[in-house]
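Trainee: Before I rely on the terms used for this model, I should like to see each of them justified.
Mentor: Then let us take the terms in turn and set each value against its definition.

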Amino acid sequence: MAAPPSHPSRRPDDLTLEVVDLIGAVVARYHEEFEEAAAGHALTGAQAKLLTLLSLGPLPMRKLARKLRCEPSNVTGIVDRLESRGLVERRPDPADRRVKVAAATDEGRRVARGLRDSLHFAREPLAALSAEERLALRDLLRRMVGPEPESGPA
């Protein structure tokens, strides 16, 4: 994502500051609830995040590390612990058998579904918005986040 132009001497306007504070409050409440949901499944937050990603489909370890913004060696440890619980498995990448991908097992997908279902804060306020409002919010958030950076080989 390209850095916004800097204006070191200009203070953000009050509306921008309020929006930043509200985004921070949403993120903090989401993280708090996510950590509680993870603990309810005897998972750390990092394990729950990785399992949630893998419930969407298998991913190479390096790509997992990029998505989680951590070192590949950290991902290896997280996958090891989830694998020992039968929630994740390693398998060869069908596109390149030299590469290992991590994949959620059926039990891992069930646990990930349980995690998502227990996130009331993430669901309930959004349910109060119309479909059009949710689409507008999604589009604005996508614009703020920007495109996912292109990655090299996994």
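The exchange below concerns helix packing, burial and backbone angles in this chain.

Trainee: What makes a feature eligible for discussion in this model?
Mentor: This is a predicted model, in which local features need pLDDT of at least 70 and side-chain atom pairs count only at pLDDT 80 or more, while totals for chains, interfaces and linings use all residues. Residues are numbered from 1 along each chain as its sequence is written, and side-chain values use heavy atoms, with hydrogens and water left out.

Trainee: How many helices and strands are there, and what makes a stretch count as one?
Mentor: The chain has seven helices and three strands. Both are DSSP runs numbered from the N terminus, helices being H or I of at least four residues and strands E of at least two. In sequence order the pattern is α-α-β-α-α-β-β-α-α-α.

Trainee: Why is H2 called oblique to H3?
Mentor: The axes of H2 (residues 45-54) and H3 (residues 61-68) cross at roughly 120 degrees and come within 11 Å. That angle makes H2 oblique to H3. Angles under 35 degrees count as roughly parallel, over 145 as roughly antiparallel, 65 to 115 as roughly perpendicular and the rest as oblique. The axes themselves are lines fitted to C-alpha atoms, for helices over the stretch in contact, and the angles run from 0 to 180 degrees between N-to-C directions.

Trainee: Which hand does the crossing of H2 and H3 have?
Mentor: The crossing of H2 and H3 is right-handed. The term applies if the near helix is turned clockwise from the far one by less than a right angle, and left-handed if anticlockwise.

Trainee: Which residues of H2 and H3 meet?
Mentor: Lys49, Leu50, Leu53 and Leu54 of H2 meet Leu64, Lys67 and Leu68 of H3, where contact means heavy atoms within 4.5 Å. By class, five residues of this contact are nonpolar, none is polar and two are charged. Here Ala, Val, Leu, Ile, Met, Phe, Trp, Tyr, Cys and Pro count as nonpolar, Asp, Glu, Lys and Arg as charged, and the others, Gly among them, as polar.

Trainee: What makes H3 roughly perpendicular to H4?
Mentor: The axes of H3 and H4 cross at roughly 105 degrees and come within 9 Å. That angle makes H3 roughly perpendicular to H4. On the H3 side the contact is made by Met61, Arg62, Leu64, Ala65 and Leu68, and on the H4 side by Pro72, Val75, Thr76 and Val79. Seven of these residues are nonpolar, one is polar and one is charged.

Trainee: How do you know that H2 and H5 are roughly perpendicular to each other?
Mentor: H2 packs against H5 (residues 106-117) at about 110 degrees, with the axes 9 Å apart. The two helices are therefore roughly perpendicular to each other. H2 passes H5 in a left-handed crossing. Ala48, Leu51 and Thr52 of H2 make the contact with Gly108, Val111, Ala112, Leu115 and Arg116 of H5.

Trainee: Why is H2 described as largely enclosed by the rest of the structure?
Mentor: Seven of the 10 residues of H2 are buried, so H2 is largely enclosed by the rest of the structure. Buried means under 20% relative accessible area, exposed over 50% and partly exposed in between (1.4 Å probe, protein chains only). The buried residues of H2 are Gly45, Gln47, Ala48, Leu50, Leu51, Thr52 and Leu54. Of the 154 residues of the chain, 26% count as buried.

Trainee: Is Gly77 buried or exposed, and what of Asn74?
Mentor: Gly77 counts as buried at 17% relative accessibility, whereas Asn74 is partly exposed at 41%. Gly77 is found in H4, and Asn74 lies in H4. The C-alpha atoms of Gly77 and Gln47 are separated by 9.7 Å, with their positions 30 residues apart along the chain. Asn74 and Ala46 are 28 residues apart in sequence and 9.7 Å apart in space, C-alpha to C-alpha.

Trainee: What makes the phi of Ala42 and of Arg69 worth noting?
Mentor: Most residues other than glycine have a negative phi. Ala42 has a positive phi of about 55 degrees, and Arg69 has a positive phi of about 55 degrees. Ala42 lies in the loop between H1 (14-40) and H2, and Arg69 in the loop between H3 and H4 (72-84).

Trainee: Why are Ala42 and Arg69 called exposed?
Mentor: Ala42 counts as exposed because its relative accessibility is 58%. Arg69 is exposed, with a relative accessible area of 77%.
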